[in-house]
Amino acid sequence: MTFEIKERDLLARIGRLKTKSSTVETPLLFPVINPSVQLIPPRRIHEEFGFDALITNAYILKKHFQNQPAEKGLHKFLDFNGVVMTDSGAYQILRYGDIETTPKEIVEYQERIDTDIATILDYPTGWKVTRKHAEHTVNETLNRAKELFETKTRKDILWVGPVQGGRHLDLVAKSATEMAKLPFQIYALGSPTEVMQSYRFDVLVDMIMSAKMNLPIHKPLHLFGAGHPFMFSLAIALGCDLFDSAAYAIYAREDRYMTEHGTSRLNELEYLPCTCPKCSKTTPKETLEMPAKERQTFLAEHNLHVCRAELKRIKQAIKDGRLWEHLEMRAHGHPALLQALKRLKKYEDFIEEHSPAAKKSGIFFFNSIGLTRPEVVRHRKKLKERYSPPEKAKLLLLMPQTQMKPFHKSKEFKEATKLLRDTFKEQLNKIHTCFYAAPFGVVPVELDEVYPLSQHEIALPLDKETIDYVAKQVANYLSNTSYEMVVLVHDPENWSKTVLNACKRTCLKKNIKFKYFNNKANRSKIMPTKLKKILQKALSEEP
Ligand SMILES: [Zn+2]
């Protein structure tokens, strides 16, 4: 097997990709190497910076070095003993209009130079192109993909099948569906540079998901041109395993200093907010006084360190089951990223289906963005599709979430149970207690220890969207079950009247008897005589 998945969180995975040179761990970043102008020698990128793989351009190699890489072998030619991937140079060929090169030649050349991972000469869609043109690029790429399997002679090279379509999402889906039928070891998304440059990460989310949902989920996905560490976690969370980045070098040429949150201009910095070996020894002022080439190298090296550190953080987050928390943190580095994170709502069902169910750590809930989390979506689905209340339950007692978790261990619940037991004795099994709680909605008491209904932390006061969500879940729960009576312990302090009104409306619609009482006045005793009376009255009215 070429690709083995070790750990998962959201759609992200830590995997092992086996190539003919060596086996590497994913998510993996391939720094882009331009053999004509290379600031940091490939050997150092491997040994000093810890990158196990790099990517270079087959077209540029062929154009500038012809047979040299083939004669020496690509690894020797580059002086790099990790994994080498080659891009076909499709973008350059389009741009410079080289009609001398054929898809077949590019395939043969990559075999000849002995690359580990090779890319067919695809036809990049680009950004602001008509649908007709986009369709043409998809079809042409597909034809060339099919041709590969007649042309290639070696079996030890991993081939990449690029998905095209640009922002025409139905075409991306079609391209992915068709490419998926061909036996590529790796798939890729050709992402127009413009999407990244214009910070349209929300569009990128759509593009990645349109590809991901139509490709074999167990195969690795490469995202072309994803260069900035502040969006790594987003792409990885959506199931991208491999990336290439020229940004570390391009940014360096423009005096731009990467951080995991964004980019700064070197001349705008008073301090270097980084502890990499390069930044530890200098100041922004000193770097500005360096000769241009030296400064470029400094920046390229720092940028690589930042990329690598962020990848490590993401991998640890995957292992800890905390990738969502990491995503939220990064999303607050730039509104465009937050907008992209909000776009995940559109794909919450697919993400939920493919996310691991159990984790070793609890989850943190900061605000309504977290309502898209697979754990929240999963609880909603399970409650609707697979849960029914105890058979004899006629009266639903709805209590607000308590500070203590699991809820059934709280003082409030224990007091309530005692009162119910003392008062109702054999009628007790007619009463079913559920909690209304953020972010999950309705939590039946007998389930409150099931992960993660107790294993989470939440910030109060709740935002309006979260309150509305919980109220909606309460209404849905009442609609989908058949209690005869509902008694709500109303908590106006945390929930205003939203849950109360949702209950009232649904009960009225379903002709369910509804009573509530306000627990604000006597919070230390959640079950005052008033509630006892309400319950007694409700049960005695039972037909
Ligand atoms: Zn640094």
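Contact here means heavy atoms within 4.5 Å. With that cut-off, and leaving aside residues up to four places away in sequence, Ser-355 in this predicted model touches Arg-8, Leu-10, Pro-374 and Arg-378. Ser-355 sits in the loop that links α17 (348–353) to β14 (363–365). A relative accessible area of 7% makes Ser-355 a buried residue. Its side chain also picks up a polar partner, the backbone oxygen of Ile-351, at 2.5 Å.

Next comes the metal site. Four residues hold the zinc ion: Cys-274, Cys-276 and Cys-279 each through SG, and His-302 through ND1, with distances of 2.1 to 2.3 Å. The angles among these four donor atoms run from 95 to 124°, and the site is tetrahedral. That label fits because four donors count as tetrahedral if all angles lie between 85 and 135 degrees. Along the sequence, the donor residues follow the spacing C-x1-C-x2-C-x22-H. Two of the cysteine donors can be placed by accessibility as well: Cys-276 is buried at 7% relative accessibility, and Cys-279 is buried with a relative accessible area of 4%.

As for the cysteines and cross-links, a disulfide is a covalent bond between the sulfur atoms of two cysteines. Searching the whole structure turns up zero disulfides. Cys-240 is a case in point, being in no disulfide, with the nearest cysteine sulfur, that of Cys-307, 16 Å away. A pair of cysteine sulfur atoms has to be within 2.5 Å to be called a disulfide, so that separation rules it out for Cys-240. Cys-240 is also buried, at 2% relative accessibility.

Strand β15 (residues 395–400) is mostly covered, and six of its six residues are buried. In a regular strand the side chains alternate between the two faces of the sheet. In β15, Leu-395, Leu-397 and Met-399 point one way, while Leu-396, Leu-398 and Pro-400 point the other way, and all of them are buried. The strand runs parallel to β16 (residues 431–437), and six bridges join the two. Within this pairing, Leu-397 stands opposite Thr-433 of β16.

Helix α6 (residues 103–112) has its own buried residues, namely Ile-106, Val-107, Tyr-109, Gln-110 and Glu-111. After α6 comes Asp-114, which has a positive phi near 70°.

That brings up the backbone oddities. Most residues other than glycine have a negative phi, and most peptide bonds are trans. Tyr-199, in the loop between α9 (193–197) and α10 (201–212), goes against the first habit with a phi near 60°. Tyr-199 is partly exposed, with a relative accessible area of 26%. Ser-496 is not a glycine either, yet its phi is positive, at about 40°. This serine belongs to the loop between α21 (492–495) and α22 (498–510), and with a relative accessible area of 37% Ser-496 is partly exposed.

Two prolines follow cis peptide bonds. Thr-26 and Pro-27 are joined by a cis bond with omega near 0°, and Pro-27 lies in the loop between β3 (23–26) and β4 (28–33). The bond between Lys-405 and Pro-406 is cis too, with omega about -5°. Pro-406 is placed in the loop that connects β15 and α19 (411–424).

Key. Residues are numbered from 1 along each chain as its sequence is written. This is a predicted model: local features need pLDDT of at least 70, side-chain atom pairs count only at pLDDT 80 or more; totals for chains, interfaces and linings use all residues. Side-chain values use heavy atoms; hydrogens and water are left out. Buried means under 20% relative accessible area, exposed over 50%, partly exposed in between (1.4 Å probe, protein chains only). Helices (H or I, at least four residues) and strands (E, at least two) are DSSP runs, numbered from the N terminus. Donors are N, O and S atoms within 2.8 Å of the metal (3.2 Å for Na, K and Ca); water is not among the atoms, so sites may look incomplete. Four donors count as tetrahedral if all angles lie between 85 and 135 degrees; four count as square planar and six as octahedral if opposite donors are over 155 degrees apart and all others between 65 and 115; anything else is irregular. A polar contact is a pair of N or O atoms within 3.5 Å; within protein, one must be able to donate a hydrogen and the other to accept it, and residues adjacent in sequence count only if both atoms are side-chain atoms. Two strands pair if DSSP finds at least two bridges between them.
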